[in-house]
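Reader: Could you walk me through how the strands and helices of this one fit together? I'd like to go piece by piece.

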Amino acid sequence: MLEAGICPPDAEFCAREVKEMNGAYGEKIARIAQILREPGRHWALTGAGISTESGIPDYRSPGTGLWEKMDPTRVASAEALFSDPVFFFKTNLPRWAKINEAMPNVGHLALAELERQGLIKGVVTQNVDSLHLKAGSQRVYEVHGHLRSGHCLRCGISFPFNEMLEQFQRGTNPPRCPCGGMIRPDVVLFGDMMSEDFHKAEQELVQCDALLVVGTSLQVYPVASLPRYARRLIIINLMATPYDRDAEVVLQEPIGQVMTDLLRALDLPVPQPERSHS
Ligand SMILES: [Zn+2]
């Protein structure tokens with residue numbers, strides 16, 4: 001039951017929320033809460049959909065604009081990096097710098113809370129935006145790498161991401177190590193080998209009891225193979241996924257709302273996201 005006191009001042013929103021929580025939606029939320037409360041090794045697997053509410057566009061969603069003129073498999077690929085590094089950095093660095101400014105939303109904060117409460121072991125994410133770490137998650141496998149650092153392709157030395165960005169802004173493109181080698185970001189590009197985190201995540205998920213899939217349509221392999229390892233699946237994503245038929249619960253609703261309601265169903269506090277700096 002929702003109490004009047006916790007309703008936001010928007011009466012229309014409140015009425016909708018009460019109605020939905022009492023129907024099939026509310027039953028699904030209760031079911032997810034029940035599964036997570038059962039003992040076992042529960043994990044979350046996240047994708048771009050969890051970060052759209054932090055202002056990071058999901059290039060696979062139609063109408064988001066950013067990627068409609070660009071093919072990510074081409075511009076964010078190892079082939080592009082090596083064949084035309086100037087174009088590679090010009091196309092990707094400004095976009096990545098913006099991603100690094102984003103702040104976690106209630107979805108990220110809720111997963112961090114579930115981990116603190118011992119209801120999930122951690123998060124496997126396809127995102128490179130560091131938002132799970134910013135939200136306070138402790139065990140995070142970033143299977144596509146991240147945008148916190150880069151490394152020299154010649155001597156291997158590591159640099160903070162901003163070193164690449166500052167060199168680029170000063171007109172040094174591609175960014176260079178003092179040894180003369182090119183610095184590349186620690187993201188997994190199309191055409192790269194899979195990360196060590198991917199293999200670690202795979203080993204964890206072999207023993208997974210329930211996997212909470214949040215904001216991914218499970219279209220990109222090899223990550224799309226990971227749900228096969230879990231005994232039980234919960235899928236929260238706006239669009240259908242190839243695993244929907246195997247899932248115990250499928251919720252095609254906005255992630256921030258679902259995660260808020262899930263925390264309430266678990267009698268956990270609902271965290272308030274900070275406003276983005278951008
Ligand atoms: Zn070097």
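**Strands first, then helices**

Author: Happy to; keep in mind that this is a predicted model. A good place to begin is strand S4 (residues 145-152), which pairs with strand S6 (residues 183-187) in the antiparallel sense over four bridges.

Reader: Which residue in S6 stands opposite His151?

Author: S4 and S6 run antiparallel, with four bridges between them. Looking across from His151 into S6, you land on Arg184.

Reader: S4 also pairs with strand S5 (residues 158-160), so to speak; what is the bridge partner of Ser149 there?

Author: The pairing of S4 with S5 is antiparallel and has three bridges. In S5, the partner of Ser149 is Pro160.

Reader: And in the hairpin of S4 and S5, which residue takes a positive phi?

Author: Five residues sit between the two strands of that hairpin. One of the hairpin's residues has a positive phi near 85°, and that is Gly156.

Reader: On to the open sheet of six strands: which strands stand at the edges?

Author: The sheet's pairing is parallel, and its order reads S3-S2-S1-S7-S8-S9. Each edge strand has a single partner strand, so one side of it is left without a neighbour in the sheet. From one strand to the next, the twist averages 15°. The edge strands are S3 (140-142) and S9 (249-251).

Reader: Which residue in S3 stands opposite Val124?

Author: Strand S2 (residues 123-125) runs parallel to S3, and three bridges join them. Opposite Val124 you find Tyr141.

Reader: What angle does the direction of helix H9 make with that of S3?

Author: H9 (residues 196-206) packs on this sheet, where it touches strand S1 (42-46), S2, S3 and strand S7 (210-214). Set against the direction of S3, that of H9 makes about 130°.

Reader: Let's stay with S1: how many of its residues are buried?

Author: His42, Ala44 and Thr46 point one way from the strand, while Trp43 and Leu45 point the other way. Residues on both sides are buried. For S1, that gives five of five.

Reader: How many bridges join S1 to S7?

Author: S1 and S7 run parallel, and Leu45 stands opposite Val213 in S7. On its S2 side, S1 pairs in the parallel sense over three bridges, with Thr46 and Thr125 as bridge partners. For S1 and S7, the count is five.

Reader: Now the helices: are H2 and H10 parallel, antiparallel, perpendicular or oblique to each other?

Author: Helix H2 (residues 24-37) packs against helix H10 (residues 255-265) with their axes 9 Å apart, at an angle of about 60°. Angles over 35 but under 65 degrees are neither roughly parallel nor roughly perpendicular, which means H2 and H10 are oblique.

Reader: What is the handedness of the crossing, and which residues of H10 make the contact?

Author: The crossing of H2 and H10 is right-handed. From H2 come Ile29, Ala30, Ile32 and Ala33. By class, the contact has six nonpolar, no polar and one charged residues. On the H10 side, the contact is made by Asp261, Leu262 and Ala265.

Reader: Last one: which residue follows H10 with a positive phi?

Author: Within H10, the buried residues are Ile255, Gln257, Val258, Met259, Asp261, Leu262 and Leu263. After the helix comes a residue whose phi is near 60°, namely Asp267.

Technical notes. Residues numbered from 1 in each chain as written. Predicted model: local features only at pLDDT ≥ 70, side-chain atom pairs only at ≥ 80, totals over all residues. Axes fitted to C-alpha atoms, helices over the stretch in contact; angles between N-to-C directions. Parallel < 35°, antiparallel > 145°, perpendicular 65-115°, else oblique. Left-handed = near helix turned anticlockwise from the far one by under 90°. Contact = placed C-beta atoms within 7 Å. Nonpolar A, V, L, I, M, F, W, Y, C, P; charged D, E, K, R; others polar. Pairing = 2+ DSSP bridges. Buried ≥ 20, exposed ≤ 12 C-beta atoms within 10 Å, placed from the backbone.
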